[in-house]
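Please open the structure in your viewer and keep the selection tool at hand. The tour below goes from one residue to the next, and at each stop it says what to select and what is there.

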Amino acid sequence: MAVALAAPMVAVPVATAHAEPAVSAKAGPSGVYAKSALLLDVGAKKVRWSRSAHTKRRIGSITKVMTAYVVIKSGNLDRKITVQRKHVAYLHGNGAGGSSAGLVVGDRLTARQLLRALMLPSGCEAAYVLADAYGPGWKGFVAKMNKTARGLKMTNTKYANFDGIDWKGATMYSTAYDQTRLAAAAMKLKEFRSVVGTKSYRVPPTSTTHIYNWTNTNALLGRYKGMTGVKTGFTNMAGASFMFGAKRGSRELVGIVLNSGSGSYKSRRFTDASKILNWGFGVRSADLPVLSRSLDDGRFD
């Protein structure tokens with residue numbers, strides 16, 4: 001039976017702009033479709049380029065970066081957690097259309113394994129399992145997400161759930177600036193870097209769990225030189241977005257593109273990221289990875 005999680009019925013304040021200095025086309029990468037974007041030089045702690053960096057927008061499954069961050073900071077990653085019926089049923093309620101890790105009711109997985117289920121195939125039910133266990137309860141967990149955001153000085157961010165699915169009436173938003181702050185903080189964590197830098201992950205069958213094979217939705221892993229992560233995001237309201245990181249030599253860049261397109265243009269988030277990174281590293285913008293059209297499959301991820 002579908003389980004619908006209660007969400008507050010309030011207006012959604014998205015695409016709200018704050019005044020910021022204009023950035024000339026000559027000062028940054030060309031051909032970027034994203035409505036909001038930012039590139040940060042991690043070592044220099046300097047924003048190299050941005051577009052509408054303080055405009056509030058929905059971020060889809062990029063929300064799961066904060067979910068993973070809170071879990072990892074909480075520790076005890078080898079604890080075993082049981083997948084409950086409500087976690088799987090959620091995908092047919094508030095999470096309708098959400099991406100799934102294919103978790104099976106009754107399976108017992110470690111939090112470390114569930115982090116892979118969360119971040120590679122972008123499992124919405126995995127997000128619910130972790131939120132339920134670490135809250136305790138999903139509402140308590142979301143409160144921790146917002147408290148953590150305040151601690152990271154993400155002043156224009158509000159989380160309403162653990163996975164970024166567009167719950168009806170729920171107030172949730174962030175900005176390119178805030179999410180890049182989170183990306184920089186998260187990529188400092190060894191466990192987080194390990195998770196988001198993994199192309200595929202296999203859980204072998206045991207007496208307490210089925211076999212799982214998860215593939216990362218980040219199409220640039222293994223295709224863009226130096227790519228280190230981080231997370232895709234897509235809903236109909238948020239559009240296609242991508243938080244990304246790359247390192248070449250001693251130089252590390254992290255950034256984000258929000259609402260690069262949707263439908264048959266979902267792969268634009270990856271070409272947008274490639275163009276921004278190429279500009280940041282000072283390489284020819286023509287050097288872009290070849291991506292399959294199958295990336296534009298319409299799934300929520």
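Begin by selecting lysine 64, which in this predicted model counts as buried because its relative accessibility is 0%, under the 20% that sets the limit for that word. Lysine 64 is found in helix H1, which covers residues 63-74. If you display what surrounds lysine 64, leaving aside its neighbours within four places in sequence, you will find contacts that include Ser99, Ser122, Phe162, Asp163 and Lys231.

Now add Ser61 and Ser122 to the selection, since the "active site" annotation in the unreviewed UniProt entry covers these two residues together with Lys64. The three span 62 residues in sequence, yet no two of their C-alpha atoms are more than 7.8 Å apart, so they gather at one spot.

Move next to serine 122, which is found in the loop between helix H3 (111-119) and helix H4 (124-134). Serine 122 is buried as well, with a relative accessible area of 0%, and, not counting residues up to four places away in sequence, it touches Ser61, Lys64, Ser99, Ala117, Lys231 and Asp301.

From there, select aspartate 163, which lies in the loop between helix H5 (138-151) and helix H6 (176-186). Which side chain of opposite charge is nearest to aspartate 163? It is lysine 64, at 5.7 Å, and aspartate 163 has no salt bridge although it is buried. What you can display instead is a polar contact of 2.5 Å that joins the side chains of aspartate 163 and tyrosine 90. Among the other residues that aspartate 163 touches, not counting those up to four places away in sequence, are Gly60, Ser61, Thr63 and Cys124.

For the last stop, show the aromatic rings, which form 11 pairs in the model. The rings of tryptophan 138 and phenylalanine 162 have their centres 6.2 Å apart and their planes at 80°, so this pair is edge-to-face. The pair links distant parts of the chain, with tryptophan 138 in helix H5 and phenylalanine 162 in the loop between H5 and H6, 24 residues apart.

Keep tryptophan 138 selected and add tryptophan 167, whose ring centre lies 5.1 Å from that of tryptophan 138, with the planes at 80°, so this pair too is edge-to-face. Tryptophan 138 counts as buried at 12% relative accessibility, and tryptophan 167 is buried with a relative accessible area of 2%. To finish, select Tyr90, Tyr128, Trp138, Phe162 and Trp167 together, which ring pairs link into a cluster.

Key: Residues numbered from 1 in each chain as written. Predicted model: local features only at pLDDT ≥ 70, side-chain atom pairs only at ≥ 80, totals over all residues. Heavy atoms only, no water. UniProt positions renumbered as here; feature names shortened; annotations may be inferred. Helix = DSSP H or I, 4+ residues; strand = E, 2+ residues; numbered from the N terminus. Buried < 20%, exposed > 50% of the residue type's maximum accessible area, 1.4 Å probe, protein only. Contact = heavy atoms within 4.5 Å. Lys, Arg positive; Asp, Glu negative; His and termini not counted. Salt bridge = Lys/Arg side-chain N within 4 Å of Asp/Glu carboxyl O. Polar contact = N/O pair within 3.5 Å; in protein donor to acceptor, adjacent residues only side chain to side chain. Phe/Tyr/Trp six-rings, centres within 6.5 Å; stacked < 30°, edge-to-face > 60°.
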